[in-house]
Amino acid sequence: EVVDETGRLVPSKVSFFSVDGDPVRRPDLGDGHIGGFPAQVSFAPHGHGHIILPPGNYYAVASRGLEYEIDMSPVFRLTEHSTVDLDLQVIRSVDTTGWIAADFHVHSMPSPDSGVTLADRVITFAAEGMEFLSSSDHDAITDFQPVIEQMGMEYWLSSTPGLEVTTVELGHFLGFPLRWDPMADQGGALDWTGLTPDEILDGIRDLGEPGTTDPVTIVAHPRDGM
């Protein structure tokens, strides 16, 4: 379990490290590289969870993004038939009153370059202390809010639908908040075929909710050579 300074269970990440120096992870069955070379990483969206590790000696590090201190467990030993209960605490040390931790360029499975499910994206964002996200899948409008609510995470995280219009030669263009149409192809994303950059930006603005302020539009990674 991971709690904050008030004793409340909080979304968090727990990284497990081998003390023995033996290779534990199977990169062929998961990520090829994880920074810091942990034996395993567990995301706990509701502040608690369980994980299975091979026998050995380990320690755990709990974290919750940039606004919280980490906590480290004592070294513990696992055998083939043993279990260990860990109680960890992440204390908030950065006062961000009046500010929101947000990310406006987020990909998930609707994008061809991402294998992350919407649920996993919600879990990892909450565990890293993020409070708001705007989706920006390539040529697809995605709404995370139903997933957030289904998982009971709306206290910690909220979102808005967005889009990254991904042309072949004219660059990429972001926009949010947009209308999400679950019955339309790609959630109602803009068809950019034959459009100029100005027409693309106007098309993104037209995808906003009628009667509201125009969506924010951004030219994404403009220095990438496109």
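Reader: Which residues of helix α3 are buried?

Author: This is a predicted model, and helix α3 covers residues 197-206. Seen down the axis of α3, its buried residues fall within an arc of 160°, so they line one face of the helix. The buried residues are Ile200, Leu201, Gly203 and Ile204.

Reader: Which residues are exposed on the other side of α3?

Author: A residue counts as exposed when its relative accessible area is over 50%. On the side of α3 away from the buried residues, this holds for Asp198 and Asp206.

Reader: What do the buried residues of α3 pack against?

Author: Helix α3 packs on a sheet. That sheet is open, with three strands and antiparallel pairing. The buried residues of α3 pack against β11 (163-166), β12 (172-176) and β13 (216-220).

Reader: Which strands stand at the edges of the sheet with the order β11-β12-β13?

Author: The sheet is open and its pairing is antiparallel. An edge strand here has a single partner strand, so one side of it is left without a neighbour in the sheet. From one strand to the next, the twist averages 20°. The strands at the edges are β11 and β13.

Reader: Which residue of β12 does Val165 stand opposite?

Author: Strand β11 spans residues 163-166, a range that takes in Val165. β11 pairs with β12 in the antiparallel sense, over four bridges. In β12, the residue opposite Val165 is Phe173.

Reader: What angle does the direction of α3 make with that of β12?

Author: Helix α3 touches β11, β12 and β13 as it packs on the sheet. Its direction and that of β12 make an angle of about 20°.

Reader: Which strands are the edge strands of the sheet β8-β9-β10?

Author: Three strands form this open sheet, and the pairing is parallel. An edge strand here pairs on one side only. The twist averages 20° from one strand to the next. The edge strands are β8 (102-106) and β10 (158-160).

Reader: Which residue of β9 stands opposite Ala102?

Author: β8 and β9 (residues 132-135) run parallel and are joined by three bridges. Opposite Ala102, in β9, stands Phe132.

Reader: Is Asn57 buried or exposed?

Author: Asn57 lies in strand β4 (residues 56-63). Its relative accessible area is 19%, and the cut-off for a buried residue is under 20%. Asn57 is therefore buried.

Reader: Which side chain makes a polar contact with the side chain of Asn57?

Author: Not counting residues up to four places away in sequence, Asn57 touches Phe17, Ser18, Val19, Asp20, Val75, Phe76 and Arg77. The polar contact made by the side chain of Asn57, at 3.4 Å, is with the side chain of Arg77.

How values were computed: Residues numbered from 1 in each chain as written. Predicted model: local features only at pLDDT ≥ 70, side-chain atom pairs only at ≥ 80, totals over all residues. Heavy atoms only, no water. Helix = DSSP H or I, 4+ residues; strand = E, 2+ residues; numbered from the N terminus. Buried < 20%, exposed > 50% of the residue type's maximum accessible area, 1.4 Å probe, protein only. Polar contact = N/O pair within 3.5 Å; in protein donor to acceptor, adjacent residues only side chain to side chain. Contact = heavy atoms within 4.5 Å. Arc of directions from axis to C-beta. Pairing = 2+ DSSP bridges. Axes fitted to C-alpha atoms, helices over the stretch in contact; angles between N-to-C directions.
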